Amino acid sequence: MFYNLYLDALNIRKKDPACKSIFEVFLLYPGFHALVLHRFAHFLSKINLFFLARLISQIARSITGIEIHPKAVIGKRLFIDHGMGIVIGETTIIGDNCTMYHSVTLGGTGKDKNKRHPTIGNNVLIGAGSIILGPIYIGDNSKIGAGSVILKNVKSNSTVVCNDVVKK
């Protein structure tokens with residue numbers, strides 16, 4: 001778990017041109033703090049300490065403005081930049097090397113049972129204010145433009161702006 005957190009911090013240092021050191025990431029980046037607390041809450045939920053896991057996730061939300069359900073699965077090296085207002089639902093799965101900007105929602109539609117939230121592939125960039133709803137899949141290496149509303153699957157290597165898929 002600690003090695004993955006170190007990889008998260010290194011990734012943030014690499015991707016953010018405003019970041020001067022990994023020490024700065026550890027102390028000053030709320031997206032990193034949210035990930036640290038999520039990884040601990042996720043561990044607690046896996047060993048059926050669900051109340052404690054939810055408590056930690058709510059503390060993280062109050063501190064960072066980023067709400068991540070303890071049962072959400074997050075891969076390695078997620079970069080949450082300016083994360084205020086991010087919501088990541090219970091059955092969300094996020095792959096490795098993803099980047100997410102502020103006010104992103106990975107949520108449900110209220111119509112589905114069991115798997116209710118999106119699955120995000122590897123190397124996906126999700127722009128500010130994007131809303132991705134339902135048990136859909138966002139393919140590897142895709143880019144979701146700021147303010148997009150996504151309700152259907154997105155193929156790998158795609159760029160989506162608003163509700164339109166543009167192939168590369």
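The following paragraphs describe the sheets, a helix, the nonpolar cores and several individual residues of a predicted model.

Two open sheets are described here. In one of them, 5 strands are arranged in the order β1-β4-β7-β10-β13, and the pairing is parallel. The edges of this sheet are occupied by β1 (67-68) and β13 (149-150), each of which has a single partner strand, so that one side of each is left without a neighbour in the sheet. The parallel pairing of β10 (residues 131-133) with β13 rests on 2 bridges, and I131 has V149 of β13 as its bridge partner. The other open sheet is formed by 4 strands in the order β2-β5-β8-β11, again with parallel pairing. Its edge strands are β2 and β11 (137-138), each of which pairs on one side only. Between β8 and β11, 2 bridges are found in the parallel sense, with T119 placed opposite Y137 of β11.

Helix α3 comprises 17 residues (30-46), and the distance from its first C-alpha to its last is 24 Å, close to the 24 Å expected at 1.5 Å a residue. Ten positions along the helix can be listed as buried, namely G31, F32, A34, L35, H38, R39, A41, H42, L44 and S45. The cover over these buried residues includes the helices α1 (2-15), α2 (22-28) and α4 (50-64), together with the strands β1, β2 (73-74) and β3 (79-80). Just after α3, a positive phi of about 65 degrees is found at N48. Within α1, one of the helices that cover α3, L10 is partly exposed, its relative accessible area being 36%. The C-alpha atoms of L10 and R77 are 8.1 Å apart in space, although 67 residues separate the two in sequence.

The largest nonpolar core contains 25 residues, of which I94, M100, L106, I120, I126, I132 and I138 touch the most other members. For L106, once neighbours within four places in sequence are left aside, the contacts are V87, I88, G89, T92, I94, M100, H117, P118, I120, I126 and I132. Apart from this core lies another, of 8 residues, which includes L5, A9, V25 and F32; F32 is also among the buried residues of α3. In soluble globular proteins, nonpolar side chains tend to be buried together.

No disulfide is present, the search of the whole structure having returned 0. C19 takes part in none, and the nearest cysteine sulfur to it, that of C98, is 19 Å away. For C98, which is likewise in no disulfide, the nearest cysteine sulfur is that of C19, at 19 Å. Both cysteines are nevertheless buried, with a relative accessible area of 2% for C19 and of 2% for C98.

Several loop residues were also examined. H117, in the loop between β7 (105-107) and β8 (119-120), is buried, with a relative accessible area of 7%. The side chain of H117 makes a polar contact of 2.7 Å with the side chain of T91. Beyond four places in sequence, H117 is in contact with G89, E90, T91, T92, L106, G107, G108, G134, P135 and I136, and this list therefore includes both T91, its polar partner, and L106, a member of the largest nonpolar core.

P135, one of the residues touched by H117, belongs to the loop between β10 and β11 and is partly exposed, with a relative accessible area of 40%. Residues up to four places away in sequence being excluded, P135 touches D112, K115, R116 and H117. The C-alpha of P135 is 8.8 Å from that of K152, a residue 17 places away in sequence.

S130, by contrast, lies in the loop between β9 (125-126) and β10 and is buried, its relative accessible area being 0%. The contacts of S130, with residues up to four places away in sequence not counted, are S103, V104, T105, I144, G145, A146, G147 and S148.

Note on methods
Residues numbered from 1 in each chain as written. Predicted model: local features only at pLDDT ≥ 70, side-chain atom pairs only at ≥ 80, totals over all residues. Heavy atoms only, no water. Pairing = 2+ DSSP bridges. Disulfide = S-S within 2.5 Å. Buried < 20%, exposed > 50% of the residue type's maximum accessible area, 1.4 Å probe, protein only. Polar contact = N/O pair within 3.5 Å; in protein donor to acceptor, adjacent residues only side chain to side chain. Contact = heavy atoms within 4.5 Å. Expected span 1.5 Å × (residues − 1). Core = buried A, V, L, I, M, F, W, Y, C linked by side-chain atoms within 4.5 Å.
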